[in-house]
Amino acid sequence: MACYLTTGKQMLFYWSFGTVLLLLAITAPVALIFGFGGAVAARSHILPLRWFGKGYTAMVRGVPDIAFFLFFVIALDQGLEWIRHKVKCPDWDQPIRQGSDFIVCAQAKLPLGNSPQIWHEIYNFSLAIFTFGIVFGAFAANVIYGAMRAVPRPQLETAEAYGMSHRQTFWRILVPQMWVYALPGLSNLWMILIKATPLLFLLGVEDIVYWARELGGTANPRFTDYPHGDWRLWYFLALLVFYLGMTRISEIYLGKLTARLTRGQATMGGEAMRRAGA
Amino acid sequence: MSCLQTIGDYGLRSLGIGERLLPRSDFTLCQHFTLIGSGMIWNIYFGVLALLAGFFLATALAMGKNATNPWVRKPAEWFIFVFRGSPLFIQFFLAYFLFLSLKQQIPALSPLTSAALGALIVLFLNTAAYSGEIFYGALRSVPRGDLEAADAYGLSGWNKFRRVVWPTMLRLAWPAYTNEAIFLFHATTLVFFSGFPAWQQRGDALYYANYFADKTFNPFIPYPIVAFYFILLTLTVIGVFGAINRRLNRHLPQDQRARMRMRPLLR
């Protein structure tokens, strides 16, 4: 048993946990940047930019996120190939969409047809990260936009009274103060992000769900690759425990972070802390 | 082939009524709209039934989590933690394989492995856990004055719960619960992408959209159609829940009524 659980394929399964953690580590800052950009755009004085920002923040409200996941992966792939096609093969005269096919010239393929397997995997994974970034950026934009509006108005008026410019008020007063209001929403978002990672499987990345199905299953009932019956139940139980653990750990750390950021703030939480300390 | 004929052929395709073969080539816009719309039947089926059944379990869970007796409180807390702390996607897979092995032991349980029943059970338990947490939060913030007033009127036990605690809890929880309902409908799109098989290609809206996108390799038509249907569904949910919210708040002055606010709540 112990010997079986350390075979090469099992090792791939363990590595895929690393894939999930890597996705989390990259997606979270990407989504935060997108979200910040979206929120700033939604507050902009320039009308088209504001429309764009509002549209971006509103898009996740009505439509299921996995529809976006399925959509963006193909759309981004085709968009990139189309741009490369335009640049690299300007004298190509056939249409790109021929019936049910999407045809670009060989030099425009991404990744190139002759590149090694690892590049295909990296390309798929980057597409997945970008897709996650866009969708979770929209959620984060909602949260940050709300947080910016929650910063007390007098704080900004004081800054103006001191003669700060619009830009200075934004970067020195609004942004530092907004985080404490954004934190509950952002921690909720982090939990959601953790729980969205199994969707990587749908985007064609060989993640933990893929390997759990692969290793737990029996390819053929009689001649199985693996010395066991249908173990998928147990593999998925292990995944469930993994996610519950991640959730619990996040809860503990986010609680500590909230306590740190609340200290000294003019909010109800800050007031309660001050009283408890005094 | 006219559009009306397409609607006749494929309008109820997701239930297995009408043309058996899905269109294979020369897809028209009408076929996209009809088939994806037909798939929406499943999304509405899962969402409505899970919400209705989940509502009652959620109330029980909220009461359980609020109980002083640890034999009642602990199971409720664990139930809510397990279903809120793990991805719905994994829950679907786990439930499917669980039902599969149950089926081998007891053949009478085989309907559980179908999406129509098995996935519904998972969604029901899942929404009960999420709503249970919302109701618990609302239960904790029922104003003390309301409870004292109930005591002063001589209400106790079941009467106090039914006439004071429960309506107030619902009123406080309703904006968050609306949100939960919206995202439950969104979560129903996961059913046919997890372990549960779409028998005879009877799938939900996203299943058909994915079918079209795979066949035409053009995501720009089917997915916006799904988005269109879901925005309609979301607006309907907001309308219905808003009407209930107005009724729950009807005794309050205008400015004290709970406002609806969107908060992402994926699973």
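**Exercise 1. Determine which elements cover the buried residues of α8(B), and whether α8(B) as a whole is enclosed or open**.

Solution. In this predicted model, the cover over the buried residues of α8(B) includes α3 (65-88) of chain A, along with α2 (29-65) and α9 of chain B.

Step 1. The buried residues of α8(B) are to be listed, taking under 20% relative accessible area as the cut-off. They are Ala205(B), Leu206(B), Tyr207(B), Tyr208(B), Ala209(B), Asn210(B), Tyr211(B), Phe212(B), Ala213(B) and Thr216(B).

Step 2. These residues are set against the length of the helix. Because 10 of the 12 residues of α8(B) are buried, the helix is largely enclosed by the rest of the structure.

**Exercise 2. Check the span of α8(B) against the value expected from its 12 residues**.

Solution. Step 1. With 1.5 Å for each residue, α8(B) should span 16 Å.

Step 2. The C-alpha atoms at its ends lie 17 Å apart, which agrees with the expected span.

Step 3. Just after α8(B) comes Phe217(B), with a positive phi of about 55°.

**Exercise 3. Describe the interface between chain B and chain A**.

Solution. Step 1. Chain B contributes 43 residues to the contact and chain A contributes 39 residues.

Step 2. About 3800 Å² is buried between the two chains, and carbon and sulfur atoms give 77% of this area.

Step 3. On the side of chain B that touches chain A, the elements giving two or more residues are α3 (70-85), α4 (88-105), α7 (157-187), α8 (205-216) and α9 (222-248) of chain B. Of these, α4(B) gives the most, with nine residues.

Step 4. By residue class, that side of chain B holds 29 nonpolar, 10 polar and four charged residues.

Terms used:
Residues numbered from 1 in each chain as written. Chains lettered and ligands numbered in written order. Predicted model: local features only at pLDDT ≥ 70, side-chain atom pairs only at ≥ 80, totals over all residues. Heavy atoms only, no water. Contact = heavy atoms within 4.5 Å. Buried area = accessible area lost by both parts, 1.4 Å probe. Helix = DSSP H or I, 4+ residues; strand = E, 2+ residues; numbered from the N terminus. Nonpolar A, V, L, I, M, F, W, Y, C, P; charged D, E, K, R; others polar. Expected span 1.5 Å × (residues − 1). Buried < 20%, exposed > 50% of the residue type's maximum accessible area, 1.4 Å probe, protein only.
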